[in-house]
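Trainee: Could you take me through one part of this model in detail? I'd like to understand a single helix and what sits around it.

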Amino acid sequence: MTRVWKWNRPVTVREVLEDLKQERSIAYTTVMTVMDNLHQKGWVRRESEGRAYRYEAVSTRDAYAASLMNEDWGRSDNRAAALVAFFRMMSADQQEALRDAVRMVQGPEATATPPAEPEAPATPPAEPEALATPLAEPEAPAGPESPAAPSAPAPVDGDGER
């Protein structure tokens, strides 16, 4: 699939074979079998061209990755917790890409309205709560009527810091 996605056009078994041969020795029948298996599974469609077929990806690599994430996320017993864990694994660049994606999904109307106060810092519109820094529960003040409760350990970020 990587070769089919890379070329982003219908390809023949021979083209894939020649591309793969640059990296390793592989038989034509092996590539033909794999391409046929991909067709049988619905990952590629094929069109007859003479005595050969041209194979084309049914979906983009990005759409395939999204379907895998959605499928695995759907298996979680606690989807919110799974998302939070996933977001915490993300690098700063990945988090920014996610914010951009949320803005794209929300459409131009979500970003067309200027903030009420121009001097206030700009914030991304309706960002998923899991991306925001979680706030700790306020602790009750220690006093004669109320003994101080032990505080929970600080959450650990992706770098192992508290």
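Mentor: Let's look at helix α3 and then work outwards to its surroundings.

Keep in mind that this is a predicted model. For orientation, the protein has seven helices and two strands, and from the N terminus they come in the order α-α-α-β-β-α-α-α-α. So α3 is the helix that leads into the strands, given that order.

Start with the geometry. Helix α3 covers residues 28-40, 13 residues in total. At 1.5 Å a residue it should span 18 Å, and its end C-alpha atoms are indeed 18 Å apart, so the length agrees with expectation.

Now for the side chains. V31, M35 and L38 of α3 are buried, meaning that each has under 20% relative accessible area. These three cover an arc of only 55° around the axis, so they lie on the same side of α3. The general reason is familiar: an α-helix has 3.6 residues a turn, so residues three or four places apart point the same way. What covers them? The cover for the buried residues of α3 includes α1, α2, β1 and β2. Burial isn't widespread here, by the way: buried residues make up 16% of the 162 residues in the protein.

Just past the helix, α3 is followed by G42, which has a positive phi near 85°.

Next, the two strands among that cover. Strand β1 takes in residues 44-49 and β2 residues 52-57; they run antiparallel and six bridges join them. At the turn end of things, E49 stands opposite A52 in β2. The hairpin has two residues between its strands, and G50 takes a positive phi near 65° there.

On the helical side of the cover, have a look at the loop between α1 (2-7) and α2 (13-21), which is where N8 sits. N8 isn't a glycine, yet its phi is positive, about 55°. That deserves a second glance, because most residues other than glycine have a negative phi. N8 is also exposed, with a relative accessible area of 69%.

Finally, a couple of numbers for the whole chain. Taking contacts between residues at least 6 apart in sequence, 34% join residues at least 24 apart. The protein exposes about 12,600 Å², and carbon and sulfur atoms supply 55% of that area.

To put the picture back together: V31, M35 and L38 are the buried residues to look at in α3, they share one side of the helix, and α1, α2, β1 and β2 are among the elements covering that buried set.

Key. Residues are numbered from 1 along each chain as its sequence is written. This is a predicted model: local features need pLDDT of at least 70, side-chain atom pairs count only at pLDDT 80 or more; totals for chains, interfaces and linings use all residues. Side-chain values use heavy atoms; hydrogens and water are left out. Two strands pair if DSSP finds at least two bridges between them. Helices (H or I, at least four residues) and strands (E, at least two) are DSSP runs, numbered from the N terminus. Buried means under 20% relative accessible area, exposed over 50%, partly exposed in between (1.4 Å probe, protein chains only). The expected span of a helix is 1.5 Å times one less than its number of residues. The arc is that of the directions from the helix axis to the C-beta atoms. Contact means heavy atoms within 4.5 Å. Accessible areas come from the Shrake-Rupley method with a 1.4 Å probe; for residues, only the protein chains shown count as cover.
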